[in-house]
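Good morning, and thank you for the time on today's agenda. Please turn to the sequence and the structure as they come up on the screen.

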Amino acid sequence: MPLKLYCNLLSQPSRALYILLKTVNYDFEPKIVDLRAGEHYSEEYTKINRHQKVPVIDHNGFVLTESVAIVNYLSREDIIPASLYPRENKLQARVQEFLEWHHIGLRLHCAVYFRVKYMMPVLFGQTPNEQAINKYEKQMLDALEIFDTKWLGRGTDFIVGNTITVADLFAACELEQPRMAGFDPKDKYPNIAVWWTKVKKHFNPHYDEAHVILNKIVSKQSKL
């Protein structure tokens, strides 16, 4: 029975897991959850994930939520190779160090900016609050500056040394989110621009495949 991945490709961690499983050529079944239709709040989906969020995996009846827990589990199951999730203790700790940091250090700020500037007006027809947008944009810029200088820009190609890992994929998917709200991090941060190109190249064609919908939204927004 193939692994089931409950996901939505507008969700950053959903995209990361989707790309990862495609890259390692693992047999899995994407189960797209329609967030705009509120499918994640349905009784049926709540039985799968009581937190009513994506992503979720069902691996032969073992159901697991939370993307970092999922990637750790997939590594221990030898589904993710050591080349992307190191088995050596100290290297693995460095990957985990970033994954622990990025929830609050990067993901929160990119996601909130996207939500306030783009998602809330689309879902609820609300006029964007400029004061709120400016507040969350500053917080996002501060987070991106830290990522650009303290995680990248240290003389290595990737977040953990010169070898690409799942840490890079998770970060890259996070940085895509504000693009839908009209902000492209690579235009302002040179280390991000160089690093991002390498990450996309490594994970393509699956990276582009996972971002088709997002890129259509970006293209549409740029024409407004």
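I shall speak about salt bridges, then about one helix, and finally about one serine.

Please bear in mind that this is a predicted model. I begin with charged pairs, of which the structure holds ten that qualify as salt bridges. Three of these deserve individual description, and a network follows.

The first pair is lysine 22 with glutamate 209, whose side chains meet in a salt bridge at 3.6 Å, N to O. What does this pair tie together? Lysine 22 belongs to helix H1, residues 12–23, and glutamate 209 to helix H8, residues 206–210, so the salt bridge ties together parts that are 187 residues apart in sequence. Lysine 22 is partly exposed, at a relative accessible area of 29%. Glutamate 209 is likewise partly exposed, at 32%.

The second pair is glutamate 174 with arginine 107, at 3.3 Å, again N to O. Here the link runs between distant parts of the chain: glutamate 174 sits in helix H6, residues 166–176, and arginine 107 in helix H4, residues 89–124, with their positions 67 residues apart in sequence. Is glutamate 174 buried or exposed? The relative accessible area of glutamate 174 is 1%, and the cut-off for buried is under 20%, so glutamate 174 counts as buried. Arginine 107, by contrast, is partly exposed, with a value of 24%.

The third pair is aspartate 157 with lysine 198, whose side chains form a salt bridge at 3.1 Å, N to O. Aspartate 157 is found in the loop between helix H5, 130–151, and H6, while lysine 198 is in helix H7, residues 190–203; the pair therefore ties together parts that are 41 residues apart in sequence. Both partners are partly exposed: aspartate 157 has a relative accessible area of 34%, and lysine 198 has one of 32%.

In addition to these pairs, Glu176, Arg179, Asp184 and Lys186 are joined into one network by salt bridges that share partners.

I turn now to helix H4, which I shall follow from its start to its end. At the start of H4, a side-chain oxygen of glutamate 88 comes to within 3.1 Å of the backbone nitrogen of lysine 90. Where is the kink in H4 centred? The kink is centred on histidine 102, and its angle is about 60°. Further along H4 is arginine 107, the partner of glutamate 174 that I described a moment ago.

Val122, Leu123 and Phe124 make a nonpolar surface patch of about 260 Å². Of these residues, leucine 123 has its place in H4 and is partly exposed, at 37% relative accessibility. Glycine 125 follows H4, and its phi is positive, near 65°.

My last topic is serine 11, which lies in the loop between strand S1, 3–7, and H1. Serine 11 counts as buried, at 8% relative accessibility. Which residue meets the side chain of serine 11 in a polar contact of 3.0 Å? The partner is serine 14, through its own side chain. Serine 11 is also in contact with Val54 and Pro55, once neighbours within four places in sequence are set aside.

To close, I would draw attention again to the pair of lysine 22 and glutamate 209, which ties together helices H1 and H8, and to the kink in H4 at histidine 102. Thank you; I welcome discussion.

Key
Residues are numbered from 1 along each chain as its sequence is written. This is a predicted model: local features need pLDDT of at least 70, side-chain atom pairs count only at pLDDT 80 or more; totals for chains, interfaces and linings use all residues. Side-chain values use heavy atoms; hydrogens and water are left out. A salt bridge is a side-chain nitrogen of Lys or Arg within 4 Å of a carboxyl oxygen of Asp or Glu. Helices (H or I, at least four residues) and strands (E, at least two) are DSSP runs, numbered from the N terminus. Buried means under 20% relative accessible area, exposed over 50%, partly exposed in between (1.4 Å probe, protein chains only). Patches are made of residues with over 30% relative accessible area and no salt bridge: like charges are joined within 9 Å, nonpolar side chains (Val, Leu, Ile, Met, Phe, Trp, Tyr) within 5 Å. Accessible areas come from the Shrake-Rupley method with a 1.4 Å probe; for residues, only the protein chains shown count as cover. The bend at a residue is the angle between axes fitted to the seven residues ending there and the seven starting there. A polar contact is a pair of N or O atoms within 3.5 Å; within protein, one must be able to donate a hydrogen and the other to accept it, and residues adjacent in sequence count only if both atoms are side-chain atoms. Contact means heavy atoms within 4.5 Å.
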